[in-house]
Amino acid sequence: MNAWRYECEICGHHEEIDTRLWCCPVDGGAFTLSGPNTLAPEHIDLEEPTLWRYASLLPVQRPDHYSLGEGLTPLVPGTLAGRNVWLKNDAALPTGSFKDRGAAILVAHLASLGLDRLIVDSSGNAAAAMAGFCAAAGIGCTVYAPANASPGKLVQARAYGATVIPVEGNRDAVASAAQDAVDNDPSSFYASHNWHAVFVEGVKTWAYEVWEQLGGRLPATAFIPAGGGSAFVGGRRGFDAVPGKLPALIAAQPAACAPISLAYESDARDIAAVTPGDTMAEGTKIGAPSRGRQILSALRDSGGWAVAVTEDDIAAALRELWSQGLYVEPTAALGAAAFVVAIRDGRPIPEGDTVVLLTGNGLKATETIGELLG
Ligand SMILES: [Zn+2]
């Protein structure tokens, strides 16, 4: 018997872990996964220098024929706005973003189900992460991407051997094209990082690592870039595994695309879709996050907040991070920007350790960074 199963975030409908459904068949809601999620020292394989050290709390076994050394990224001391913070540097993951955590677990899971081609829709870091782990696992990857996505962002996925298919239209059109492709090929699977609950189970390991790296202590606060919300929801899931007070979780969005912040400010039950505007934090240009309920409940339960930061705030945070030797892309500076804004606005920050998640490598955004530097 496998202890893991899916549950719809809206109606509570259950599916077994080996289902090929990626969302609720009743109402289209996103799944969460229920399974063992209590972190204690005896659950950690100390000999394993990757996120698979937490295999006893993951829904899939460590693949025995490949690894990219995913996980255990540095937690480094730094300063923002003159305050001491801990910077969790997920830019150091194998393909350069936190998405590797989800991709490592999701690809291993789907490969174990016998699938030999994964179909994803993304134009950025998720495409690179899924393509990279598919390459390592020896299975095929097809990326459906918006036709207007900058080609540079897809070069990494193509380098890993993924087939990249441009689709005209908005983000929904891209998702539909990917889903149609799966319907026409039973050996493939729609492996959307925005929908699949196994992806979040991988992403939660950033929070496990923070707890372990702080010497078995929970931080008081975590500032997290939020677009589709997998880093945010994963953080909640990871910190939830440790007995004690859940850290205040802060969802940081660019003002140009801030549906989470708008829903939080209006105390809404669901996140209403917005049309993304222009922002250099392109990884968070997601107008309709699929895990709306999970994001809002994490905000509520943790006593955190959601905040929209300006492009100037992002640029200033980037410069602070770069000046400390941390080369991250604009999206990755959202959490840092949110921290600086909170200090500037005099918002009370809970006593204790503050962790700021850095989600992606600056080498992903050479052109944008070049323009910022002038
Ligand atoms: Zn449902």
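**A core shared by two domains**

The largest nonpolar core in this predicted model has 120 residues, and Val-107 and Met-130 have the most contacts inside it.

User: Hello! Which helix gives the most to this core?
Analyst: Helix α2, residues 125-137, does, with 11 residues.

User: What makes you place the core between two domains?
Analyst: Domain 1 (75-97 + 201-373) and domain 2 (99-197) each give residues to the core, so it lies between them.

User: How do you know which residues Met-130 is in contact with?
Analyst: A contact needs C-beta atoms within 7 Å. Leaving aside neighbours within four places in sequence, Met-130 is in contact with Ala-103, Val-107, Leu-118, Val-120, Cys-141 and Ala-191.

User: Why is α2 called largely enclosed?
Analyst: A residue is buried if 20 or more other C-beta atoms lie within 10 Å of its own. In α2, 13 of the 13 residues are buried, so the helix is largely enclosed by the rest of the structure.

User: How do you know that the span of α2 agrees with what it should be?
Analyst: At 1.5 Å a residue, the 13 residues of α2 should span 18 Å, and the end C-alpha atoms are 18 Å apart, which agrees. Just after α2, Gly-138 takes a positive phi of about 80°.

User: What makes β7 and β8 a pair?
Analyst: Pairing takes at least two bridges. Strands β7 (residues 140-146) and β8 (residues 163-167) run parallel and are joined by 5 bridges, so they pair. Ala-145 stands opposite Pro-166 in β8.

User: Through which helix does the chain cross from β7 to β8?
Analyst: The chain goes through helix α3, residues 152-159, and this β-α-β crossover is right-handed.

Technical notes
Residues numbered from 1 in each chain as written. Predicted model: local features only at pLDDT ≥ 70, side-chain atom pairs only at ≥ 80, totals over all residues. Core = buried A, V, L, I, M, F, W, Y, C linked by C-beta atoms within 7 Å. Buried ≥ 20, exposed ≤ 12 C-beta atoms within 10 Å, placed from the backbone. Helix = DSSP H or I, 4+ residues; strand = E, 2+ residues; numbered from the N terminus. Domains from an automatic or database assignment. Contact = placed C-beta atoms within 7 Å. Expected span 1.5 Å × (residues − 1). Right-handed = clockwise from strand over helix to strand, strands pointing away.
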